[in-house]
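I opened a new notebook page for this structure. I wanted to look up the ligand first and a handful of single residues after that.

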Amino acid sequence: MILIEPSLLSADVLRLGEQAREAEDAKADWLQIDVSDGQFAPNITFGPDLVRALRKAVKLKLDAHLMISEPEHLLTRFADAGADRIIIHEEACANFYRVLQSIKALKVEAGVALNPETPLEAIEKVLDLVDLVQVMTVTPGFGGQRFITSQLDKVKRLRQLLAEHDLKVPIAVDGGIHVDTAPLAVAAGATVLVAGSSIFNKTGSVAENMAALRASIAKSQAEA
Ligand code: DX5
């Protein structure tokens, strides 16, 4: 079961609610809200108020991807706003084990994201605590970047590591996912595909674009 999670960062900012509903109507599994502070990642995007507004607009599960420094200061704000999962970056926390525990204490799912340069070993000690591992296949901050193919090997090794620990943690890939790269990520072991510009664009509707992504995955799985 491969889940598709649209990233609202590439959506039309003047129609975020509408675009979120289009994703829901197109049977998206989750919706990712990319939160960037201009410090941890070189962009300033969304905050808890958008999560709260989306919580009223859609029933979709909401993922708050915190590309911010010291995320521990804002966990409660995002949980209270209605996030179903909070993803923090290993690189952004002095003690990310404690931050993950704080997320779990807020009764929301906890995810950890890894920048392309960060080795898997950095999160091995928390694999039994997390509900998701997100392998960044672009550098954080912007949609529309090129997929970093070298991260496929990290996904493969992570899948093996989880199997060795007998852990069934979903593996997400985030960045540069489209009809050509989605099958590669799935073949490497990813089960959650976060996609922005390949879903929210002017060349097709959200429903058409998501159908194209699903078709590319189904085709590669049928051929595998
Ligand atoms: C980037 C975000 C991604 C991005 C994906 O920092 O975390 O979710 O929006 O957009 P695409 O799919 O266009 O690379």
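These are my entries, in the order in which I looked things up.

**Entry: the model.** I noted before anything else that this is a predicted model.

**Entry: around the ligand.** I asked how many residues surround the ligand, and the count is 19. The closest are Gly-141, Gly-144, Asp-174, Gly-196 and Ser-197. I then sorted the shell by type and got seven nonpolar, 10 polar and two charged residues. I also looked up which strands each supply at least two residues of this shell; S3 (61-67) and S8 (192-195) do.

**Entry: polar atoms at the ligand.** I looked up three distances from oxygen atoms of the ligand. A polar side-chain atom of Asp-174 lies 2.6 Å from a ligand oxygen. At Gly-196 the partner is a polar backbone atom, 2.7 Å from an oxygen of the ligand. For His-65 I found a side-chain N or O atom at 3.4 Å from a ligand oxygen. Next I checked how much of the ligand the protein covers: taken alone the ligand exposes 380 Å², and the protein buries 100% of that. I also looked up where the ligand sits, and the place is the largest pocket.

**Entry: two positive phi values.** I wrote down the background first: most residues other than glycine have a negative phi. Lys-107 is not a glycine, yet its phi is positive, at about 65 degrees. I found Lys-107 in the loop between helix H4 (96-105) and strand S5 (109-114). Is Lys-107 buried or exposed? Its relative accessible area is 74%, and the cut-off for exposed is over 50%, so Lys-107 is exposed.

Asp-166 also has a positive phi, near 55 degrees, and is a residue other than glycine. Asp-166 lies in the loop between helix H5 (151-164) and strand S7 (171-174). I looked up its relative accessible area, which is 60%, so Asp-166 counts as exposed.

**Entry: Lys-202.** I found Lys-202 in the loop between S8 and helix H7 (206-223). Lys-202 has a relative accessible area of 87%, and therefore I listed it as exposed. I then compared its position with that of Ser-150: the two are 52 residues apart in sequence, and their C-alpha atoms are 29 Å apart in space.

**Entry: Ser-7.** This residue is in the loop between strand S1 (3-6) and helix H1 (16-25). Why is Ser-7 listed as buried? Its relative accessible area is 6%, and buried means under 20%, so Ser-7 is buried. From Ser-7 to Ala-20 I counted 13 residues in sequence and read 9.5 Å in space, C-alpha to C-alpha.

**Entry: Leu-127.** I placed Leu-127 in the loop between S5 and strand S6 (132-136). With a relative accessible area of 2%, Leu-127 is buried. Leu-127 and Glu-70 are 57 residues apart in sequence, with 21 Å between their C-alpha atoms.

**Entry: Ala-57.** My last residue lies in helix H2 (residues 48-57). Ala-57 has 24% relative accessibility, a value between the cut-offs of 20% and 50%, so I wrote it down as partly exposed. Ala-57 and Glu-18 are 39 residues apart in sequence, while the C-alpha atoms of this pair are 8.6 Å apart in space.

Key. Residues are numbered from 1 along each chain as its sequence is written. This is a predicted model: local features need pLDDT of at least 70, side-chain atom pairs count only at pLDDT 80 or more; totals for chains, interfaces and linings use all residues. Side-chain values use heavy atoms; hydrogens and water are left out. A residue is near a molecule or strand if one of its heavy atoms lies within 4 Å of it. A polar contact is a pair of N or O atoms within 3.5 Å; within protein, one must be able to donate a hydrogen and the other to accept it, and residues adjacent in sequence count only if both atoms are side-chain atoms. Accessible areas come from the Shrake-Rupley method with a 1.4 Å probe; for residues, only the protein chains shown count as cover. On a 1 Å grid over the protein atoms alone, a cavity is a set of points where a 1.4 Å probe fits but cannot get out, and a pocket is an open set with protein on both sides within 12 Å along at least five of seven lines; lining residues have an atom within 4 Å of a point. A molecule sits in a cavity or pocket if more than half of its atoms lie within 2 Å of its grid points. Helices (H or I, at least four residues) and strands (E, at least two) are DSSP runs, numbered from the N terminus. Ala, Val, Leu, Ile, Met, Phe, Trp, Tyr, Cys and Pro count as nonpolar, Asp, Glu, Lys and Arg as charged, and the others, Gly among them, as polar. Buried means under 20% relative accessible area, exposed over 50%, partly exposed in between (1.4 Å probe, protein chains only).
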